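Student: Could we go through this structure together? I'd like to know how the labels are earned.
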Amino acid sequence: MPRTAKKNQKAKPVKNVINKAVKKRKDKFSRLRGMKDVLFDEQKYWDLVVRKANDLSCFYGFKKIQTPILEKLELYERSTGKVTDIVSKEMYSFIDKSGEKIALRPEATPGLVRSYIEHGMFSLPQPVKMFWMGPLFRHEKPQSGRYRQHTQFDLEIFGEASPIADAQLILIAYNFFSELQINVQIHINSVGCKECRKTYLEKLIEFYKERGKRSKFCNDCKKRFATNPLRLLDCKEESCQEVREDAPQLVDYLCDDCRDHFIKVLEYLDELDIPYNLNSFLVRGLDYYTRTVFEVISLEEMEEKGVSQKRQISLGGGGRYDDLVEYMGGQPTPGCGFGIGLERVILKIKEKNIPIKGDGGDFIFLAQLGEQSRRKMFLLFEEMRRAGFNVRQAFTKDSLKAQLEEADRLGTKYTLILGQKELLDGTIIIRDMESGIQEVIDYKKIYTELNKRIEERKNIDK
Ligand code: HAM
């Protein structure tokens, strides 16, 4: 700044400067846009979906794998594709202190492919079935169910070319949702292989060139026309969707092998009684897919300009990528997989108020009155925990009312109450939290009395 300008500047009163500094220090931090804290009440939903993902993966023979959050930027540029939205618009990338171009993981598949190649998994008995779960980062415009950090449950099968692998993945995804009582539709299509897609793309470009003379496309589609014409088909803009209705369909251009593969996948799904919708516009937004692509869709009611409309929400998606491992420097290895967005799954469970089975149902709460009882219950709590009971307590609270309120909040079935009188008599009170009925029992018989009640309740629940 020139000296004269500095001289002419009015000095700020010291008081103002101090006030500003104090205010700045007091300003609260908030989380970044599009990021989310998972607070206490939401944990039970996470426990539920993570347990379901773990159980299904284990059952179908997938082994858990973890990969770093940071990878080389080039990994995604080459695999996901430089012109995809994820890489060209949404990726968090930077140059690190050693001058290397780095990216925060926007999707799991490229890192899993890298890991498969880097650790020579080609020499393991094939197929290699991977189960992965973790955070992903995409700098998207945040809205309900769309975050800049989200979590996916991912399954990948390497080294299996048979359509049974595609069908098994769709089956697992379908089971995941139906066992969580979430209604979904499976949309499925085939994008063919390099060879059949070549002929199809020529036809598609010809069609869009012709229609372009009469119709208006959105700005994204104008770019896609030159960079990734297949994606013209899944544009969400109304004007672009009108045009695509007349576009040639990829399934009509599949080569014999790709058609045969697709038919077999559909036959397996029919045999397994899995409903699906053939969707010839489904191409998925990632470059590596070959043959089968699928998406798990949930229909959502929403109001737009006062009119109730149905919106499609993608809860998961995946497909086959038979060329990717070789393209990324590995031996030719077929592959397929899917990713499910867990935040969206949890939103669905909450929205539909789906009851969570066993949610606090068998908790035993220990309540006490007076210091001596508190000491005794403190020890009993440890003893019961070791004996395998699902015990809870609020030893810092003195009032019995406050303790019972806490027991209620947790959804406890039985509360054991120890007061001065019981302490002297060698007894304890057992309270059924639903009916409010209290019985005095012999302190020594706590376990037998509790087990008896738990068994009786199990029989009623059956
Ligand atoms: P994707 O379709 O990009 O596929 O993401 C899969 C799922 O992640 C979506 O269906 C959605 O539920 C969830 N998801 C994506 N972006 C967000 C977001 N910003 N906020 C919340 N949820 C989101 C893939 O990522 C592929 N790697 C899947 C795959 C695995 N294909 C083969 N193997």
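Tutor: Sure, let's start with the ligand. By class, its shell holds seven nonpolar, 11 polar and eight charged residues. Here Ala, Val, Leu, Ile, Met, Phe, Trp, Tyr, Cys and Pro count as nonpolar, Asp, Glu, Lys and Arg as charged, and the others, Gly among them, as polar. Bear in mind that this is a predicted model, where local features need pLDDT of at least 70 and side-chain atom pairs pLDDT 80 or more, while totals for chains, interfaces and linings use all residues. Residues are numbered from 1 along each chain as its sequence is written, and side-chain values use heavy atoms, leaving out hydrogens and water.

Student: What makes the contact between Tyr 289 and the ligand a polar contact?

Tutor: A polar contact is a pair of N or O atoms within 3.5 Å; within protein, one must be able to donate a hydrogen and the other to accept it, and residues adjacent in sequence count only if both atoms are side-chain atoms. A polar side-chain atom of Tyr 289 sits 2.6 Å from a ligand nitrogen, so that pair fits the 3.5 Å limit. Arg 138 has a polar side-chain atom 2.9 Å from a ligand oxygen.

Student: Why is the pair Lys 36 and Glu 42 called a salt bridge?

Tutor: The term needs a side-chain nitrogen of Lys or Arg within 4 Å of a carboxyl oxygen of Asp or Glu. In Lys 36 and Glu 42 the closest N and O atoms are 3.0 Å apart, so the pair qualifies.

Student: And why is Glu 42 called buried?

Tutor: Buried means under 20% relative accessible area, exposed over 50%, and partly exposed in between (1.4 Å probe, protein chains only). Glu 42 has 12%, so it counts as buried. Its partner Lys 36 has 30%, so Lys 36 is partly exposed.

Student: How do you know that Asp 220 and Lys 89 tie together separate parts of the chain?

Tutor: Their side chains meet in a salt bridge at 3.4 Å, N to O. Asp 220 belongs to helix α9 (residues 219–227) and Lys 89 to helix α5, so the pair joins parts that are 131 residues apart in sequence. Asp 220, with 28%, is partly exposed, and so is Lys 89, with 45%. Both also belong to a network of salt bridges that includes Asp 85 and Arg 224.

Student: What about Lys 452 and Glu 449, where do they lie?

Tutor: Both are in helix α17 (residues 446–461), three residues apart, about one turn of the helix. Glu 449, at 16%, is buried, whereas Lys 452, at 44%, is partly exposed.

Methods. Helices (H or I, at least four residues) and strands (E, at least two) are DSSP runs, numbered from the N terminus.
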